[in-house]
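Here is a short tour to read alongside the sequence and the coordinates. Let us start with one local detail and work outwards from there.

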Amino acid sequence: MADDTTRPLIPLDADPFVLFAEWMKDAEASEPNDPNAMALATASPEGIPSVRMILLKGADERGFVFYTNLESRKGGELSSNPHAALLFHWKSLRRQIRIEGPVEPVSAEEADRYFASRSRNSRIGAIASDQSRPLAERADFEKRIEAVTARFEGKEPERPANWSGFRLVPRQIEFWQDRPYRMHDRATWTREENDWAVTRLYP
C-alpha cells in the first residue's frame, strides 16, 4: 500500500468523526489484533509527560472514551492536569491519527455499563489491582485475586469507586497516511467554537 500512488488524498470536506469511523473500520478489517489500540499521552502538573498503550472503548461526536483505575499514574495525572493526546497507528494501513484536547470524566452510568460488559475475570482483576503501585511479589496479586473471587462468589462483581473512565473532547484531530518517497498526506481539523477549521499540512 505504501507504493500506491493512486491512494486518494485525505478529503478536506469530510466530517472528522465520520472519517475517523471509516479509518477505524478499515483497521478492523486489516489489523491482526487490537485495531482500537492507541497511545495515551498525559502530563503531570509540572509538565512531565508519560505515555502508554491503552484501548479505545467508545467514540462519537462527544469524544473518545477510555477507562482506568483512577488511582493509577494516568488517572492521577488526568485528574490534576485534564488534558491529553491520543495516537492511533495502523501499520497494516500505513495510517495514523493524532487527537488532542481536554478530558472529562464519563458519567457513573456509562462507567457502570462498560464495567458490566467486561468479562468476569477482567472485573475481578480490576478490583484486585492497585494499578501502577509497587508489587513486592506476583503471588501477592494472585492472593488478592483469589480473595476477590471468593468475595463475589455467586454474584456479579461491582465497579469499584476508584475505577471509571475519561472522555477526551477533541480540539484538534490530525489524519496522516503514507505516500511514496515520504511525500505523505497530512490534514488537520481544529475546533473553532462550533465548527472545524481544516488545513492540509506539509508532510
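## A hairpin to begin with

In this predicted model, the hairpin formed by strand 1 and strand 2 has 5 residues between the strands, and Gly 47 adopts a positive phi near 90° there. The two strands run antiparallel and are joined by 7 bridges. Within that pairing, Met 38 stands opposite Ile 54 in strand 2.

Strand 2 covers residues 49–55 and has two distinct sides. Its covered face carries Ser 50, Arg 52 and Ile 54, while Pro 49, Val 51, Met 53 and Leu 55 make up the uncovered one. In a regular strand, side chains alternate between the two faces of the sheet. So Ile 54, the residue opposite Met 38, belongs to the covered face of strand 2.

## The chain as a whole

Stepping back, the chain holds 5 helices and 10 strands. Its C-alpha trace spans about 60 × 35 × 30 Å along the principal axes. Of the 203 residues, 42% are buried, and the chain exposes about 11700 Å², with carbon and sulfur atoms supplying 50% of that area.

How much of the contact network links residues 24 or more positions apart? Among contacts with a separation of 6 or more, such pairs account for 63%.

For residues 26–150, UniProt lists "domain: Pyridoxamine 5'-phosphate oxidase N-terminal", in an unreviewed entry. That stretch is 36% helix and 34% strand, and its end C-alpha atoms lie 42 Å apart.

## Two nonpolar cores

The largest nonpolar core has 30 residues, and Phe 20, Phe 88, Ile 97, Ile 99 and Phe 175 have the most contacts inside it. At least two residues each come from helix 1 (16–30) and from several strands, including strand 1 (37–43), strand 5 (83–90), strand 6 (95–105) and strand 8 (172–177). Helix 1 gives the most, with 6 residues. Apart from this core lies another, of 14 residues, among them Tyr 114, Phe 115, Ile 127 and Phe 152.

Take Ile 97 as a way into the largest core. Beyond its neighbours within four places in sequence, Ile 97 is in contact with Phe 20 and Trp 23, with Leu 86, Leu 87, Phe 88 and Trp 90, and with Ile 173, Glu 174 and Phe 175.

## Helix 4 and its surroundings

Helix 4 spans residues 120–128, and its buried residues are Arg 123, Ile 124, Gly 125, Ala 126, Ile 127 and Ala 128. What do they pack against? Their partners are helix 3 (108–117), helix 5 (138–151) and strand 7. One of these buried residues, Ile 127, is also a member of the 14-residue core.

## Towards the chain ends

Thr 188 sits in strand 9, which covers residues 185–192. Is Thr 188 buried or exposed? Its relative accessibility is 7%, so Thr 188 counts as buried, given that the cut-off is under 20%. Neighbours within four places aside, the contacts of Thr 188 are Gln 172, Ile 173 and Glu 174, together with Ala 197, Val 198, Thr 199 and Leu 201.

Val 198 also leads us to the other end of the sequence. Ala 14, found in the segment before helix 1, is 184 residues from Val 198 along the chain, yet their C-alpha atoms are separated by 9.4 Å. Outside its neighbours within four places, Ala 14 is in contact with Leu 19 and Trp 189.

Technical notes. Residues numbered from 1 in each chain as written. Predicted model: local features only at pLDDT ≥ 70, side-chain atom pairs only at ≥ 80, totals over all residues. Heavy atoms only, no water. Helix = DSSP H or I, 4+ residues; strand = E, 2+ residues; numbered from the N terminus. Buried < 20%, exposed > 50% of the residue type's maximum accessible area, 1.4 Å probe, protein only. Contact = heavy atoms within 4.5 Å. UniProt positions renumbered as here; feature names shortened; annotations may be inferred. Core = buried A, V, L, I, M, F, W, Y, C linked by side-chain atoms within 4.5 Å. Pairing = 2+ DSSP bridges. Areas by Shrake-Rupley, 256 points an atom, 1.4 Å probe, with all protein chains shown as cover.
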